[in-house]
Amino acid sequence: CADLRDADLRGANMRDADLRGANLGSANLRDADLTQADLRGAILRRAHLEAANLQGARLGFADLRGANLCEARLCGTDLCRSKLNLADLTCTSLICTRFNDADLSGTHLALANLQKAVLDATRFSANTLLPDGTHWTPDTDMARFTDPTHPDFWRSDDPTSPAYRAPEDVPGD
């Protein structure tokens with residue numbers, strides 16, 4: 001397994017790369033092309049993936065806790081059973097992305113495009129953990145996590161979450 005912790009890979013062409021189990025913790029992958037890359041089981045904790053292209057990448061069982069994926073393209077990406085706790089997915093394109101059994105607790109999804117995203121493989125499984133710590137169901141209104149104008153837009157009480165809203169930011173307080 002490759003050890004690329006803290007590596008500066010900004011703008012790198014890693015298309016179709018085999019990075020299964022690689023340690024990319026805190027790596028700078030801003031604007032990198034990881035199209036169709038195999039990152040199953042990779043460690044990407046606190047990695048910088050802003051505006052990275054991860055279309056069609058395989059990230060099943062990957063550890064993306066605290067990663068910054070703002071404005072990244074993850075269309076058709078496999079995030080099944082991945083850990084996305086406290087990740088920032090603001091303005092991220094997640095069209096047709098698979099999140100089956102993923103942990104999204106504390107994740108910021110404001111303005112993310114979840115069109116045709118799959119949050120559970122079967123109607124009998126409800127293991128995908130949502131940003132607020134609840135489990136996904138077919139009745140879940142995902143707009144409350146993605147649309148800042150939603151009347152029940154979710155914000156975290158955890159100051160370590162990118163979705164944190166300080167008490168002084170709460171109207172009426």
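**Entry: cysteine 96 and lysine 116**

I started at cysteine 96, which I found in the segment before α1. A note on the label: helices (H or I, at least four residues) and strands (E, at least two) are DSSP runs, numbered from the N terminus. I am working on a predicted model, where local features need pLDDT of at least 70, side-chain atom pairs count only at pLDDT 80 or more, and totals for chains, interfaces and linings use all residues. Residues are numbered from 1 along each chain as its sequence is written, and side-chain values use heavy atoms, with hydrogens and water left out.

I looked at the backbone of cysteine 96 and noted a positive phi of about 60 degrees, although this residue is not a glycine. Its relative accessible area is 35%, so I filed cysteine 96 as partly exposed. For my own reference, buried means under 20% relative accessible area, exposed means over 50%, and partly exposed is in between (1.4 Å probe, protein chains only).

Lysine 116 went on the page beside it, as another non-glycine with a positive phi of about 60 degrees. Lysine 116 also has its place in the segment before α1. With a relative accessibility of 62%, lysine 116 counts as exposed.

**Entry: threonine 77 and threonine 97**

Which backbone oxygen lies 2.8 Å from a polar atom of the threonine 77 side chain? I traced it to leucine 74. I then checked threonine 97, and a polar atom of its side chain lies 2.5 Å from the backbone oxygen of leucine 74. My cut-off for a polar contact is a pair of N or O atoms within 3.5 Å; within protein, one must be able to donate a hydrogen and the other to accept it, and residues adjacent in sequence count only if both atoms are side-chain atoms.

Are these threonines buried or exposed? Threonine 77 comes out at 0% relative accessibility, so I entered it as buried. Threonine 97 is buried as well, because its relative accessible area is 0%.

Next I listed contacts, meaning heavy atoms within 4.5 Å. Leaving out residues up to four places away in sequence, threonine 77 touches Leu54, Gln55, Gly56, Ala57, Leu59, Cys96, Thr97 and Arg98. My opening residue, Cys96, is on that list. On the same basis of skipping neighbours within four places, threonine 97 is in contact with Leu74, Cys75, Gly76, Thr77, Leu79, Ala117 and Val118. Threonine 77 lies in the segment before α1, the helix at 143–146, and threonine 97 is found in the segment before α1 too.

**Entry: aspartate 18, aspartate 31 and glycine 41**

Aspartate 18 was my next stop. Its side chain makes a polar contact of 2.5 Å with the side chain of arginine 20. From aspartate 18 to arginine 40 I count 22 residues in sequence and 9.0 Å in space, C-alpha to C-alpha. Aspartate 18 has 48% relative accessibility, so it goes down as partly exposed.

How far apart are the C-alpha atoms of aspartate 31 and glutamate 50? I have 6.4 Å for this pair, which is 19 residues apart along the chain. Beyond four places in sequence, aspartate 31 is in contact with Gly11, Glu50, Ala51 and Ala52.

Glycine 41 and leucine 59 gave me another spacing: 18 residues in sequence, 6.9 Å between C-alpha atoms. Setting aside neighbours within four places, I found glycine 41 in contact with Gly21, Gly60, Phe61 and Ala62. Glycine 41 is partly exposed, because its relative accessible area is 32%.

**Entry: the whole chain**

Finally I stepped back to the protein chain. I count 1 helix and 0 strands in its secondary structure. Its C-alpha trace spans about 50 × 40 × 20 Å along the principal axes. A compact globule of 173 residues would have a radius of gyration near 16 Å, and the chain has 15 Å, which agrees. That radius is taken over C-alpha atoms, and the globule rule is 2.2 Å times the number of residues to the power 0.38.

Of the 173 residues, 51% are buried. Among contacts with a separation of 6 or more, 13% join residues 24 or more positions apart.

For charge, I noted 19 positive and 26 negative side chains, with the centres of the two sets 7 Å apart. Here Lys and Arg count as positive and Asp and Glu as negative, while His and the chain ends are not counted. I placed each charge at NZ of Lys, CZ of Arg, CG of Asp or CD of Glu.
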